[in-house]
Amino acid sequence: MISWEAGVARGKAPLSGGETERSEQLLAAEYVRMSTEHQQYSTQNQAQTIRDYAERRGIKIVKTYSDDAKSGLIIGGRMALQQMIADVESGEAKFSVILVYDVTRWGRFQDTDESAYYEYRCRKAGMQVAYCAEQFENDGSPTSTIVKSVKRAMAGE
C-alpha cells in the first residue's frame, strides 16, 4: 500500500478498504510501454488500469512517460524510461510515486538484476514504484520481493 509521509511515497501495509493515509494528495507519474502496435496490452489499456488504480487510492497522475513500439529487453532506445529515471534522480520530479501496469511493462530484461537495478535507483532517490495490475503490493516485504523476482525471470524468458 502506498501512503504519504513527509512528502515521499512509502510502502505500507494495506489499510482497510484499500484506502491510504495521506496529509495531502499523492502525485504520480505513469510509465507505459508496448513492444508492437498489435500488442494486447496497448498503452491506452495500461493507462486505464493505472488510472483506475490511482483513482481507488486517491492518487493524482501528473506526468506520463510512454515508450511506444519499444522492446523491454534493453534500456537502449527506451527514452521515456531513461528520462523518467533521470527526472527522479535529479530531484526535480513533481511526483512521489511511479505507477506501472505490471512487472513486464517495466521491462523484460534478460538479467533480472538489471530490472531490479532501475527500480532500486528510483527507490534510492525516494521514489516508490507500484505495479497496478499485479496481485501483490510492491512494499519491500519478503513475499513481494520473491514474487517480483519470479515475475522478472518469467518476463525475461
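**A parallel sheet and its two nonpolar cores**

In this predicted model, strand 3, spanning residues 26-34, pairs with strand 4 in the parallel sense over nine bridges. Within this pairing, Y31 has Y65 of strand 4 as its bridge partner. These two strands belong to an open sheet of four parallel-paired strands, arranged in the order 4-3-5-6. Strand 4 (59-68) and strand 6 (128-131) occupy the edges with a single partner strand each, so one side of each has no neighbour in the sheet. From one strand to the next, the twist averages 25 degrees.

At the strand 6 edge, strand 5 and strand 6 are joined in the parallel sense by four bridges, and V97 stands opposite Q128 of strand 6. Strand 6 is covered on both faces: Q128 and A130 are buried on one side, and V129 and Y131 are buried on the other. Helix 1 (residues 43-57) lies across strands 3, 4, 5 and 6, and runs at about 160 degrees to strand 3.

The packing can be followed through the nonpolar cores. The largest comprises 21 residues, and Y31, I98, W106 and C122 have the most contacts inside it. At least two residues of this core come from each of strand 3, helix 2 (79-90), strand 5, helix 3 (103-106), helix 4 (112-124) and strand 6. Helix 2 gives the most, with five residues. Leaving aside residues up to four places away in sequence, C122 touches I85, V88, I98, W106, M127 and V129. Another core lies apart from the largest one; this second core has 11 residues, including V32, I50, V97 and A130.

Key
Residues are numbered from 1 along each chain as its sequence is written. This is a predicted model: local features need pLDDT of at least 70, side-chain atom pairs count only at pLDDT 80 or more; totals for chains, interfaces and linings use all residues. Side-chain values use heavy atoms; hydrogens and water are left out. Two strands pair if DSSP finds at least two bridges between them. Axes are lines fitted to C-alpha atoms, for helices over the stretch in contact, and angles run from 0 to 180 degrees between N-to-C directions. Contact means heavy atoms within 4.5 Å. Buried means under 20% relative accessible area, exposed over 50%, partly exposed in between (1.4 Å probe, protein chains only). A nonpolar core is a set of buried Ala, Val, Leu, Ile, Met, Phe, Trp, Tyr and Cys residues joined through side-chain atoms within 4.5 Å.
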